[in-house]
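Hi everyone, thanks for making time. I'd like to walk you through one structure today, a bit at a time, so have a look at it while I talk.

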Amino acid sequence: MIPSKCLAQTAYHIKWDDMFSGVFGVSNGVKQGGVLGPFLFCVYPDDPLSSLSQSGLGCHIGNMYVDVLAYADDIVLFAPTPSAIRKMLSICDSYAAKFSITFNASKSKCILFWPRNCVRTIFQILPVFHIGGRAMEFVRLYSHVGHILSDDFDDVANVKRGRVKLNSQINSVLCSFHKVNFFVQMCLLTIYC
């Protein structure tokens, strides 16, 4: 997207090869791939993350308090009870209303970590959680920043993902450097895989 001059808001048009779209206005958001984006994502969500941490609604895992994991716009909330997560989601909704941002409920997921000795039945009723006035879907597996969380604490999905990624990297190196000697290939595999 290429910025154009505009008085009330930033105006953009899209360039594709040598062709340009019509001009359209953008009044909020961060340009995809912009150099300022990562910095702003470190600063912008700081207030709601601090509010969530100060609420004390998170989980205690051993001696560690865990309430929020965040990387850019990927945010994970941890809570020990349905009422605690509802209060945390309310904090997020209040922040969204105050600063005119939207949490996308269709991209937001819930995962319930079951105690190891708990027997699950198909008749168990899961609580309903809302963000931005819309219900969120429950899932059994969820990927956060490349790590797959499983509701039964199983790590099989992570191991499979890692194995596929490693095989892909090995094949890529061996295909790209198939004409070099074995010792150079081993060095490259050690560096890149």
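Let's begin with a cysteine. C92 has a relative accessibility of 6%, so it counts as buried. And keep in mind that this is a predicted model.

Now, how many disulfides does a search of the whole structure find? Zero. If you're new to this, a disulfide is a covalent bond between the sulfur atoms of two cysteines. Why is C92 not in one? The closest cysteine sulfur belongs to C110, and that is 12 Å from the sulfur of C92, too far for a bond. The cut-off for a disulfide is within 2.5 Å. Looking from the other side, C110 is in no disulfide either, with the sulfur of C92 as its nearest cysteine sulfur at 12 Å. Is C110 buried or exposed? Its relative accessibility is 10%, so C110 is buried.

OK, on to the surface. V35, L36, F39, L40 and V43 make up a nonpolar patch there, and together they have about 520 Å² of accessible area. L36 sits in the loop between strand 5 (24–26) and helix 1 (37–43).

Helix 1 also turns up in the last thing I want to show, a pocket. The second largest pocket has a volume of about 210 Å³. Which elements give at least two residues each to its lining? Those are helix 1, helix 2 (46–55) and strand 8 (68–71). Helix 1 provides the largest share, four residues. If you want to find the pocket on screen, its lining residues include G37, F41, L49 and Y71.

Notes: Residues are numbered from 1 along each chain as its sequence is written. This is a predicted model: local features need pLDDT of at least 70, side-chain atom pairs count only at pLDDT 80 or more; totals for chains, interfaces and linings use all residues. Side-chain values use heavy atoms; hydrogens and water are left out. Patches are made of residues with over 30% relative accessible area and no salt bridge: like charges are joined within 9 Å, nonpolar side chains (Val, Leu, Ile, Met, Phe, Trp, Tyr) within 5 Å. Accessible areas come from the Shrake-Rupley method with a 1.4 Å probe; for residues, only the protein chains shown count as cover. A salt bridge is a side-chain nitrogen of Lys or Arg within 4 Å of a carboxyl oxygen of Asp or Glu. Buried means under 20% relative accessible area, exposed over 50%, partly exposed in between (1.4 Å probe, protein chains only). On a 1 Å grid over the protein atoms alone, a cavity is a set of points where a 1.4 Å probe fits but cannot get out, and a pocket is an open set with protein on both sides within 12 Å along at least five of seven lines; lining residues have an atom within 4 Å of a point. Grid points are joined across faces, edges and corners, and a volume is the space filled by probe spheres set on the points.
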